[in-house]
Amino acid sequence: MAGRTLTFPLIAGSLLMTNLSTEQMVGLNGAAFADGLSVMAWEVVAVIALVALALFFLPRFLKSGIATLPQLLEIRFDKTTQLITNIIFLIAYAVILLPIILYSGAIGLQGMLDLQGLTGIESSTTLLWLTVWIVGIIGSVYALFGGLRTVAVSDTLNGVGLLIGGFVIVYFGLQAVSDGSGIMEGWNILKESDPDKLNSIGGAEQQVPFFTLFTGVFLINLFYWSTNQQIIQRTFAAKNLAEGQKGVLLTGLFKLLGPLYLVLPGIIAYHLYADQGVRADEAYGHLVFNVLPPYLTGFFAAVMVGAILSSFNSALNSTTTIFSLGIYKGVLNKEATEEQVVKSGKVFGWIMAILTMIIAPLLAGQESLFGYLQKMNAIYFIPILAVVLVGLLTKRVPPMAAKIALVGGCLLIAAGYFVPPFTLLPQIMHEFHFVALVFVLLVAVMLLIGKLRPRETDWVQQYSGDVDLTPWKGAVPAGIVLVVLVIVMYISFAG
């Protein structure tokens, strides 16, 4: 928990950096290459989720003094609910999150540094495996011997580098569009030549149709920013509630700039290379290699490696925390000393890292990396979010309801994705509407069980006394300003 000493600049830097990774730089710009500005939803809708974290979730999390989200579910429901959530998180991180971080990082670096030319390795498959394993091993060593404090500080340093690098690429990209006539000229050329790419409202055939912003896209963002262990672990280490709220809302402000460096480069790459047969997820690396001066390419590649390591470290750090505290100390060895708990986390971390490095190269060939990531994330995001929300907002819903929702929700969404004839449902109504429907169903089932088989007594959340819960006076006004800015942004670019 970094000794619960983090102040708001460190929290904001760490939140941004944990989120800002290669799966976004490469994946989201790749999605923009294909669909244009409408994919900015993943950045902009996140702002509303961050306001919800600051005003609703964070005061409740800090009140219980928890170190992991599953701990909260143990306090609200029971130990088995915590165990089920821990297992879901561990499987999801091993199979979905960690491999995508490594794969997208390897693809980005290959394009950026022309690794085929540098190494002389012709086979792109061999090169992919090699890149993934080198980065994975460095990241594992760093995460498993450094702990959360090193991760938080390095996140902040990398964050600054990646933000600067991101804006520098936009500058050189727009210069390339205008043939050196200036960035405003480049922007005007983009507006004239690709007006459909600069429309914030997604069409029905695109990855993020407009109406999904109010269903699955919002719920996935809400989970990601308010209940995802990898992200909120930073906020649990806040010095007090006020610092935590300031850090979260400052992150929201920075997220509004996200489309500039996470979406615009993809649109620039489309303008420059659409007729060259460049694949969407290769577009970002291609752009960096072609528009940056050589000395800056090296700088940006170094920052990019930092970003891969940073996200990989954070996710690996979260998995070892969940395993060592939730499963090893919680189930396997309740009498374990602190030394044994730390050792178990390290051993498990290495197992996870090796598994991840084997799975990552197998992701090659996805149509849209970022689309695949969000779709897969929904399998576990939606059930856990439903359980956390019902848990915090009701007093009589019993543990049995949470267990049914967790297991049933994951199985329902997975069936909708992979098991015919259930796969027809997401096709008919768009998969983001489908996952929102599952969310509503899970909440309804939990409330029904709460009515028919309620807890014997009301659940009352106890204050642990670990953290000062005095809120920041500016939290609500700042939250309102951020929500208004989101609406203004959508209206400004509505085509």
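In this predicted model, Gln110 is placed in helix α6, which comprises residues 79-113. The relative accessibility of Gln110 is 17%, and the residue is therefore classed as buried, since the cut-off for burial is under 20%. When residues up to four places away in sequence are left aside, the contacts of Gln110 are with Leu115, Ser124, Leu127, Leu128 and Thr131.

Helix α16 is formed by residues 294-332, 39 residues in total. At 1.5 Å a residue, a span of 57 Å is expected for α16, and the computed separation of its end C-alpha atoms, 53 Å, agrees with this expectation. The helix is nevertheless kinked: a bend of about 30° is centred on Ser324. With respect to solvent exposure, α16 is mostly covered, as 29 of its 39 residues are buried.

A nonpolar patch of about 410 Å² is found on the surface, where it is made by Leu55, Val476, Ile480, Val484 and Val488. The greatest contribution to this patch comes from helix α22 (residues 475-492), which supplies four residues. In an α-helix there are 3.6 residues a turn, so residues three or four places apart point the same way. Ile480, one of the residues that make the patch, is located in α22. Its relative accessibility is 52%, and Ile480 is therefore classed as exposed, the cut-off for that class being over 50%. Gln110 of helix α6, by contrast, falls in the buried class at 17%.

Technical notes
Residues numbered from 1 in each chain as written. Predicted model: local features only at pLDDT ≥ 70, side-chain atom pairs only at ≥ 80, totals over all residues. Heavy atoms only, no water. Helix = DSSP H or I, 4+ residues; strand = E, 2+ residues; numbered from the N terminus. Buried < 20%, exposed > 50% of the residue type's maximum accessible area, 1.4 Å probe, protein only. Contact = heavy atoms within 4.5 Å. Expected span 1.5 Å × (residues − 1). Bend = angle between axes of the 7 residues up to and from the residue. Patch = residues over 30% accessible without salt bridge, like charges linked within 9 Å, V, L, I, M, F, W, Y side chains within 5 Å. Areas by Shrake-Rupley, 256 points an atom, 1.4 Å probe, with all protein chains shown as cover. Salt bridge = Lys/Arg side-chain N within 4 Å of Asp/Glu carboxyl O.
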